[in-house]
Structure formats: C-alpha cells, structure tokens
Amino acid sequence: MALRAALLGLLLLPPAVAAAQEAPALPPPQPVTGPACPPRGAPALRVTLQDPEPRLLPPLPAAQLRVQAGGGGPEGPGQLHHLGLTLSRVEWRSEITVRSQGPAGGPVCGLPSEVRLSLVHAEHTIRLARELPRDGCLAREVLAHERRHAEVNRRTLRDASEELRATARAWTGRAEVRAADAGQAAIALQDDLARTVEPVLERLRAAREAGHAAIDSAEEYRRLGRICPDDQRRLRASLRGG
C-alpha cells in the first residue's frame, strides 16, 4: 500500500517475538527479521528552492536595530555594526509517499516511493538605521554592505539545495523501515530523513557564519567610518540627539 505523510514522530519498531524451547532436541529460536520489503523501484525525488529577493523594510532607530541583532548595552565604538541589519530565516519541508508491505495486522516494511523537499527563505529582510541621512552617500554604502550579506544568504542556500538533492537521492536508494503499520513506517521514514539532512543544514549555517564574518571585518568597519564625511557628521549629530 502507499501512504503519503508529512509528519515527524518517533521511530516505532515491531515488538520482539520470543519463542520458548520445549525440548533440548529442538533447534534454538531464529531471530525475527520482520516482513519482506516491497520492490524498491526508482523513487521519485523533487527538490525545490523558494528564494525571493530580500525585502527592504522602512528604517528603524539604530538602537532598535541593535536589539534585533541581539546586542545590548551602550552603543560605543561598535555602533556602525547597527546602521544596517539583514535578517534571514530558512525553513525546510518534506513530504514522503511510502510504499509498504506486510500482513494486514502488521508489522510492515516501508520504503519511500516519492520524496518532495523544499528549502524556503521564509524571511529575508534588510533595514537601515533611521539616523542615516536619507538617500545620502553613507546610506548607499551601508545598503551595499547589507546586500553583500543578503547575497551570502542566497548563495549558501543555493549550494545547500544542491547538496540536499544529492543527499536525499542517496537516502531514497537505501531507506527502509519496519514498523507496526504503514502510518508508523511513514513517521519513521520522516525521522530518518530529518536525521540525514541535518548535517547539510548545519553546513549551511556554518557557511553563512563564515561568509558574514568575512564581510564584517575590522577593515570594512574602518572604511565605513571614514567615507562620506558630511554624512558622518550629520549621523553623529543625529545619534547624539542634536
């Protein structure tokens, strides 16, 4: 039978069966291996990427950007870090169609017959500080800086989608579970797929952190502190409330 599932849950396996040995002459009980699996065939795999352009949101005070970025306390020398902020949130979703085989009362062996995966850029936004002179030289430079962060987000997401495709393709060729029924087999396959793709997502996070760190160098912030001197003076006055 085939069952479509998009749920995550616990791995449930059929209970072990014990057989008592009635006489010394009888052979020892054989281990229970469970039902045979259905023919595997060539599971269908579809991997999609949803990555729209980042949205430029209305400006916020630099202090609010600092809070959104996870900072705290007085601004101090590092205030340029919060003249702009790029936020990104990625989700992954999966849907598996399971083919199972076994007696009517279970247990069954389940295989994936179709897998659909999607990586979704659920949130991707850029904001500038309200204190930046509007449409000025410095605002354009800070926006360009933030767009470099956005490009890191998009590039690493594209790379991850390709790795996810290869990882999922290998998984569909070997994945199988034995469970109490077809529903539990579907849940177990979802759990196994989640464990399989987690290293891909972890590498995505690490690649993003490295890319952002390379952009947010001390040299880059020194550059942003030197350019557009007229806007720098206006910015300092605005940050002081003058």
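This short talk describes the overall make-up of one chain and then turns to its helix α5.

Good morning. Please keep in mind that the structure shown is a predicted model. I begin with the chain as a whole. Its secondary structure consists of 5 helices and 6 strands. Read from the N terminus, the order of these elements is β-β-β-α-β-β-α-β-α-α-α. The chain has 242 residues, of which 40% are buried. As for the surface, the chain exposes about 13,500 Å², and 55% of that area is supplied by carbon and sulfur atoms.

Next, consider the contacts between residues with a separation of 6 or more. In this chain, 80% of them join residues that lie 24 or more positions apart.

I now turn to helix α5, which covers residues 229–240 and so has 12 residues, by the run of residues that defines a helix. From its first C-alpha to its last, α5 reaches 17 Å, close to the 16 Å expected at 1.5 Å a residue.

Which residues of α5 are buried? They are Asp231, Gln232 and Leu235. These three cover an arc of only 105 degrees around the axis, and therefore they sit on the same side of α5. What covers them? The cover for the buried residues of α5 includes α2, residues 137–172, and α4, residues 218–226. On the other side of α5, by contrast, Arg234 and Arg240 are exposed.

Finally, what comes after α5? The helix is followed by glycine 241, which has a positive phi, near 85 degrees.

Thank you for your attention.

How values were computed
Residues are numbered from 1 along each chain as its sequence is written. This is a predicted model: local features need pLDDT of at least 70, side-chain atom pairs count only at pLDDT 80 or more; totals for chains, interfaces and linings use all residues. Side-chain values use heavy atoms; hydrogens and water are left out. Helices (H or I, at least four residues) and strands (E, at least two) are DSSP runs, numbered from the N terminus. Buried means under 20% relative accessible area, exposed over 50%, partly exposed in between (1.4 Å probe, protein chains only). Contact means heavy atoms within 4.5 Å. Accessible areas come from the Shrake-Rupley method with a 1.4 Å probe; for residues, only the protein chains shown count as cover. The expected span of a helix is 1.5 Å times one less than its number of residues. The arc is that of the directions from the helix axis to the C-beta atoms.
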